[in-house]
Amino acid sequence: MTTLAFGLITGILFGALLQQAEVLRYEKQVGAMRLMDMTIVKFMLTTIVVGSIGIFLLKDLGLVSFDPRPLSLGLQIIGGLLFGVGWALIGYCPGTSLGALAEGRYHVIWPILGMLIGGLVFAFLYPMVQEHIQPMGNYGPISVADMLGVNHWFVILALAVGAGFLFRFFEKHNL
Amino acid sequence: MKSRAWMKPYICGGLAGLLLVASVAIAGQFFGTSTTFPRMVTWLTNSIGIDLSHLAFFQASGGSLTGAAFPDWQLLFVIGIALGAFLASIATKTFQLEPLPPMWAERFGNRLGLRIGHSIIGGILLMVGARMAGGCPSGHGVSGVSQLGVSSFLALVMFFVGGIFMARFLYGRRSS
């Protein structure tokens, strides 16, 4: 019950932040893919940099433990590309779609319907995906720090510096 | 505060990062949304009496990928996103009813049928892709990249590669 309450509260706060940053809009999502408006990239990268610093602090203090999601080149490359193509067609991702509906963009009911059908399609494709695509380049839960053999703070620093340069570029060019 | 408008995505993004950290610290939960879609649809099919439990998908991860997992943290998180967006849009008077996305309508016209076609095909591709890749921009993008997972970096890059390619196909080269 407490877990559910935390889910609801976290969702409300996250939804309000997404709404205020205007990232719930088709124009912002497709705008990023058309390389015209990088609002969603700014939001996402800032979240990632702050989030990674915080969760690795918690991890180093021994307060939480986590492993990255397992790496399968087949799953992430094929799945990721399919996702991207669909993303450009609908202009929303799963999380932002419900937020967009709630701020009045009711045309998003069609993408939501499509994503629900997609969930069902995936249930049927699942055995094929597990058998044929998952084993392609399967490396398990590996982090960038493991892969490069460096400390995770080095990767976080590089991420933050990279994001900073990207942000400067975006602001300079009004993206 | 108009001159500060450019800071908004960074401030909101930074606060979202702190929210992620708080969620991990307090509830042990990373953000993610896409699994709720197959859960919801299998919950719906089950509710109207269609039995699909013979599919291997229903046994995968101890059945946690289907509606059997409801109600869970992520379902409430997704409901919360809608609630929070609604409240924020009302509070700031940015709630706006829209029959079609303006950018889309400018390119394709007021063609609801075509928009439904794009939406259904795109929605299917997106969700199959998300579940195959193991996450969406919140699960892989925000949570996974924050954990520095190679899988998540790769998935996030592929989301954008696919998206940029398809957007170019739909909208052509940037004219302005």
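Helix 6 of chain A supplies the most residues to the lining of the largest pocket, four in number. This is a predicted model. That pocket holds about 780 Å³ of space. Its lining counts 34 residues, and R69(A), T35(B), L65(B), R131(B) and G134(B) lie nearest the centre. Strand 1 (71–72), helix 4 and helix 6 of chain A give two or more residues each, as do helix 3 (73–91), helix 5 (112–133) and helix 6 of chain B.

**The interface**

Chain A and chain B meet through 112 residues of chain A and 114 residues of chain B. Together they bury about 10,000 Å². Carbon and sulfur atoms carry 79% of that area.

How many salt bridges cross the interface of chain A and chain B? The rule finds one. E98(B) pairs with R105(A), and their closest N and O atoms are 3.3 Å apart. Polar contacts add to the picture: 23 residue pairs across the interface, both residues at pLDDT 80 or more.

Helix 6 of chain A also gives the most to the side of chain A that touches chain B, with 20 residues. By class, that side has 74 nonpolar, 29 polar and nine charged residues.

**Spaces in the structure**

The whole structure has one cavity of 30 Å³ or more. The table sets it beside the two pockets.

| Space | Volume | Nonpolar residues | Polar residues | Charged residues |
|---|---|---|---|---|
| Largest cavity | about 190 Å³ | 11 nonpolar | five polar | no charged |
| Largest pocket | about 780 Å³ | 14 nonpolar | 16 polar | four charged |
| Second largest pocket | about 280 Å³ | 16 nonpolar | no polar | no charged |

Which residues lie closest to the centre of the largest cavity? They are L18(A), M44(A), C93(A), T96(A) and P137(B), out of 16 lining residues. Helix 1, helix 3 and helix 5 of chain A each supply at least two residues of this lining, and so does helix 6 (137–146) of chain B.

Now the second largest pocket. It is lined by 16 residues. Nearest its centre are V41(A), L45(A), L166(A), L156(B) and F160(B). Helix 3 and helix 8 of chain A each give at least two residues to the lining, as does helix 7 (150–171) of chain B. Helix 7 of chain B has the largest share, five residues. The lining has 16 nonpolar residues, with no polar and no charged ones.

Note on methods: Residues numbered from 1 in each chain as written. Chains lettered and ligands numbered in written order. Predicted model: local features only at pLDDT ≥ 70, side-chain atom pairs only at ≥ 80, totals over all residues. Heavy atoms only, no water. Contact = heavy atoms within 4.5 Å. Buried area = accessible area lost by both parts, 1.4 Å probe. Salt bridge = Lys/Arg side-chain N within 4 Å of Asp/Glu carboxyl O. Polar contact = N/O pair within 3.5 Å; in protein donor to acceptor, adjacent residues only side chain to side chain. Nonpolar A, V, L, I, M, F, W, Y, C, P; charged D, E, K, R; others polar. 1 Å grid on protein atoms, 1.4 Å probe; cavity = no way out; pocket = protein on both sides within 12 Å on 5 of 7 lines; lining within 4 Å. Points joined across faces, edges and corners; volume = space filled by probe spheres on them.
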